[in-house]
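New to this one? Here is a quick tour of a pocket, some charged pairs and a surface patch.

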Amino acid sequence: MTTLLGLSGSLRKASTNTMVMRNAAEIFGPDTFVEGDIRFPLYDGDLEEAEGIPAAVQMLADQIAAADAVIIATPEYNKAISGALKNALDWVSRTKGGVWRNKPLAIMSATGGRAGGERAQFSLRLAMMPFRPHILQGPEVLVANSAKEFDENGKLTGEMYINLLTELMGDLRALT
């Protein structure tokens, strides 16, 4: 029984990052696919001290710990990952157990720009370093001009992107 956890760094309903994440999960073919929720309050040490770790944050940390592998799809906001994704990583870092350590992790991005999120992926790799997951180094899945790369059902259409995503998910499955 393989459990795959997916995190989309975009909160938008029609997010192409959520679409690429779901396409990746379909290709990976887990027994169970869980989409993590990153809609948390902004990290605030005073809030943590007064109220503890929010239940939603602990739930995500528990999902990460329970998953055999994780995929993260990140948009690129101002040359980096989204604030929502960074906030989620910050909150989860405050939970017990080092849930990311040695966790197989694949990252991908979908953006409206021509680089497909290359800087966001670099930013995400830097943000993940202290947690020490096992991040696959490639192939890089950088879906550029992403609004035109999915059909009306949210399926990725570009052969190059499908091939890269298939290779990445194959490598993730082999690592899991």
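Let's start at the largest pocket, where helix α1 (residues 16-28) supplies the largest share of the lining, three residues. Keep in mind that this is a predicted model. From the pocket we'll move to the salt bridges, then finish on the surface.

**The largest pocket**

- The volume of the largest pocket comes to about 210 Å³.
- In all, 13 residues line the largest pocket, and those nearest its centre are Ser-8, Ser-10, Thr-18, Glu-35 and Gly-36.
- Sorted by class, that lining has six charged, four polar and three nonpolar residues.

**A salt bridge between helix α1 and strand β2**

- Side chains of opposite charge can pair when their charged atoms come close.
- The model has four salt bridges by the rule used here, and one of them joins the side chains of Arg-22 and Glu-35, at 2.7 Å from N to O.
- Arg-22 sits in helix α1 and Glu-35 in strand β2 (residues 32-35), so this pair ties together parts that are 13 residues apart in sequence.
- Glu-35 is also among the residues nearest the centre of the largest pocket.
- Both partners are partly exposed: Arg-22 has a relative accessible area of 45%, and Glu-35 has 36%.

**A salt bridge across distant parts of the chain**

- Glu-48 and Arg-94 also meet through their side chains in a salt bridge, with 2.9 Å from N to O.
- This pair links distant parts of the chain, 46 residues apart: Glu-48 is in helix α2 (residues 45-51), while Arg-94 is in the loop between α4 (83-93) and β4 (104-110).
- Is Glu-48 buried or exposed? Glu-48 is buried, because its relative accessible area is 15%, and buried means under 20%.
- Arg-94, on the other hand, is partly exposed at 42%.

**A salt bridge within helix α4**

- Lys-86 and Asp-90 form a salt bridge too, and their closest N and O atoms are 2.6 Å apart.
- Here both residues belong to helix α4, four residues apart, which is about one turn of the helix.
- Asp-90 is partly exposed, with a relative accessible area of 27%, and so is Lys-86, with 35%.

**A nonpolar patch on the surface**

- Which residues form a nonpolar patch on the surface? They are Phe-122, Leu-126 and Met-129, and together they have about 350 Å² of accessible area.
- Phe-122 is part of helix α5 (residues 118-128).
- Phe-122 counts as exposed because its relative accessibility is 55%, and exposed means over 50%.

Definitions and conventions: Residues numbered from 1 in each chain as written. Predicted model: local features only at pLDDT ≥ 70, side-chain atom pairs only at ≥ 80, totals over all residues. Heavy atoms only, no water. Patch = residues over 30% accessible without salt bridge, like charges linked within 9 Å, V, L, I, M, F, W, Y side chains within 5 Å. Areas by Shrake-Rupley, 256 points an atom, 1.4 Å probe, with all protein chains shown as cover. Helix = DSSP H or I, 4+ residues; strand = E, 2+ residues; numbered from the N terminus. Buried < 20%, exposed > 50% of the residue type's maximum accessible area, 1.4 Å probe, protein only. 1 Å grid on protein atoms, 1.4 Å probe; cavity = no way out; pocket = protein on both sides within 12 Å on 5 of 7 lines; lining within 4 Å. Points joined across faces, edges and corners; volume = space filled by probe spheres on them. Nonpolar A, V, L, I, M, F, W, Y, C, P; charged D, E, K, R; others polar.
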